[in-house]
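Biologist: I would like to go through this model with you, starting with the ligand. Please give the reasoning before each value.

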Amino acid sequence: MRPPIDSGTILITGASSGIGREIARQLGRRARTLVLVARREERLEALRDELAALNPTLGVVVERCDLSEPDEVDALLARLDKHLVNVDVLVNDAGLGDYGLYEQESWGRIHQMLQVNVTAPVLLAHRLLRRMLERKRGGILNIGSGAGLIFFPGSAVYNGTKHFLDGFTESLRLELMGTGVVVTQVAPGPVDTEFGEVAGSDARIGKPPSWLAISASRCAREAIAGFENDVPLVYPGFVYRWLMRLVSLLPRPLMRAAGWIVARRLRYGSSLLEPAHPDPRIKQRVLIAGGPEES
Ligand SMILES: NC(=O)c1ccc[n+]([C@@H]2O[C@H](COP(=O)([O-])OP(=O)(O)OC[C@H]3O[C@@H](n4cnc5c(N)ncnc54)[C@H](OP(=O)(O)O)[C@@H]3O)[C@@H](O)[C@H]2O)c1
C-alpha cells in the first residue's frame, strides 16, 4: 500500500523552514496541490513562487497558522473545507525544542511545545482522518525524533512530546492497517536546519558532529521513500540509522544510566567521581543552565 502522493493534495506543517520546506520541494514535483502551513507567511509565499515556477501544474495554497493555538488550527481546517480542499496526505512536521533544566524553562515555552508538537498533529490527524477513511486512501507522515526513543536530560519536555508522537503514531498505524491509510513516523537525528538555533541548543552545547548530521534535503528524501514503502519508522542517515538500531536494543536500565551521566553534567557540571547529591557547601558549577556559581 502506498500513500496517495502522486496527484494528491498534501498538507505540510512547518513548511517555512528545514525538513518541512524540503519535503514540500520534493513532493511539489508530484502532487496536485500543496497546502503550506506555518507562521512565517512571507517564507511560505516565497516557497509557493519557487514551486509554482518549477511545477506549472501544481496548485499551492499558503496558510498562515500558529499551530500552538487550536482555534487557529480549526479555522485553517474550516477554510480548507469552504474551498472544498480534500487533504489526501498530512505531513505533521512543525515542531520546536528547548534546552535546559526543566524547572528553569518558562511555562509559556513548555505550553508552546506541547501545543505544536503534540496537540496540533493529533488534532489535524483527527479532523482529516475520517475523510481519508471514507475515500479508502490517505497518508499521515509524522516527523518525530530520535529523542522520542531515548531519554534526553536537558530537553525533558521536547523528549516527552516526541515519545508521545512515537506511541501515537505506532498505535494509530496498527489501528489503520488494511484501511488504505498509510502511517509512518520519521525519527531524525541531527539535521542541519534552524531547529538548534530555535531550541537554543546550538549556543549552549554546540552543533552536532558533522559525521552524524545530515542535510534537510536528505532527511526529506529518506522520509518520503520510507513513507512510500509503508515503513513504520524511518531513521534518516546511514550512520545515525545504525546507531539507533543499536540503541533501540539497549535495555532500559542501561539507557537510564547513560542519561544519568548527561543529567549530572547538566545540573552539577560534575564528573562521575563526585557524589550524586553534592553537599550544598561544595562549589557547584551550573554549566549549562546559566545559573550563578555558588560557593
Ligand atoms: N533538525 C533536527 O536536528 C531534528 C532532529 C529530530 C527531529 N526534528 C524534528 O523535525 C521537525 C522539523 O524541524 P526542523 O529541523 O525542520 O526545524 P526548523 O527549521 O526550526 O523548522 C520548524 C518548523 O516548524 C514551524 N513551527 C514552529 N512553531 C510553529 C507554530 N507555533 N505554528 C506553526 N508552525 C510552527 C516553523 O515555522 P514558523 O516558525 O514559520 O511558524 C518551521 O517551519 C520538528 O518536528 C523537529 O522536532 C528535527
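Biologist: Which side chain has an N or O atom 2.9 Å from an oxygen atom of the ligand?

Modeller: Bear in mind that this is a predicted model. A polar contact needs a pair of N or O atoms within 3.5 Å. A side-chain N or O atom lies 2.9 Å from a ligand oxygen, and the residue that carries this side-chain atom is Lys 162.

Biologist: Which residue has a polar backbone atom 2.9 Å from a nitrogen atom of the ligand?

Modeller: The backbone takes part at two places. An oxygen atom of the ligand is 2.9 Å from a backbone N or O atom of Val 191. For the nitrogen atom of the ligand, the residue at 2.9 Å is Leu 67.

Biologist: How much of the accessible area of the ligand does the protein cover?

Modeller: On its own, the ligand has 880 Å² of accessible area. The share of this area covered by the protein is 95%.

Biologist: Which elements give two or more residues to the shell around the ligand?

Modeller: The ligand is surrounded by 29 residues, and Ser 16, Ser 17, Arg 39, Tyr 158 and Thr 193 are the closest. By class, the shell has 13 nonpolar, ten polar and six charged residues. The elements that supply two or more of the shell residues are α1 (18–27) and α5 (156–175).

Biologist: Which element gives the largest share of the lining of the second largest pocket?

Modeller: The second largest pocket holds about 240 Å³ of space. Its lining has five nonpolar, two polar and four charged residues, including Leu 77, Asp 81, His 126 and Arg 130. Two elements, α3 (70–82) and α4 (107–135), give two or more residues to this lining. The largest share is five residues, from α4.

Biologist: Is Glu 22 buried or exposed?

Modeller: Glu 22 sits in helix α1. Its C-alpha atom is 8.3 Å from that of Arg 221, although the two residues are 199 apart in sequence. The relative accessible area of Glu 22 is 15%, and the cut-off for burial is under 20%, so Glu 22 is buried.

Biologist: What is the C-alpha separation of Leu 176 and Leu 11?

Modeller: Leu 176 belongs to the loop between α5 and β6 (181–186). Leu 176 counts as buried because its relative accessibility is 5%. Along the chain, Leu 176 and Leu 11 are 165 residues apart, and their C-alpha atoms are separated by 19 Å.

Notes. Residues numbered from 1 in each chain as written. Predicted model: local features only at pLDDT ≥ 70, side-chain atom pairs only at ≥ 80, totals over all residues. Heavy atoms only, no water. Near = heavy atom within 4 Å. Polar contact = N/O pair within 3.5 Å; in protein donor to acceptor, adjacent residues only side chain to side chain. Areas by Shrake-Rupley, 256 points an atom, 1.4 Å probe, with all protein chains shown as cover. Helix = DSSP H or I, 4+ residues; strand = E, 2+ residues; numbered from the N terminus. Nonpolar A, V, L, I, M, F, W, Y, C, P; charged D, E, K, R; others polar. 1 Å grid on protein atoms, 1.4 Å probe; cavity = no way out; pocket = protein on both sides within 12 Å on 5 of 7 lines; lining within 4 Å. Points joined across faces, edges and corners; volume = space filled by probe spheres on them. Buried < 20%, exposed > 50% of the residue type's maximum accessible area, 1.4 Å probe, protein only.
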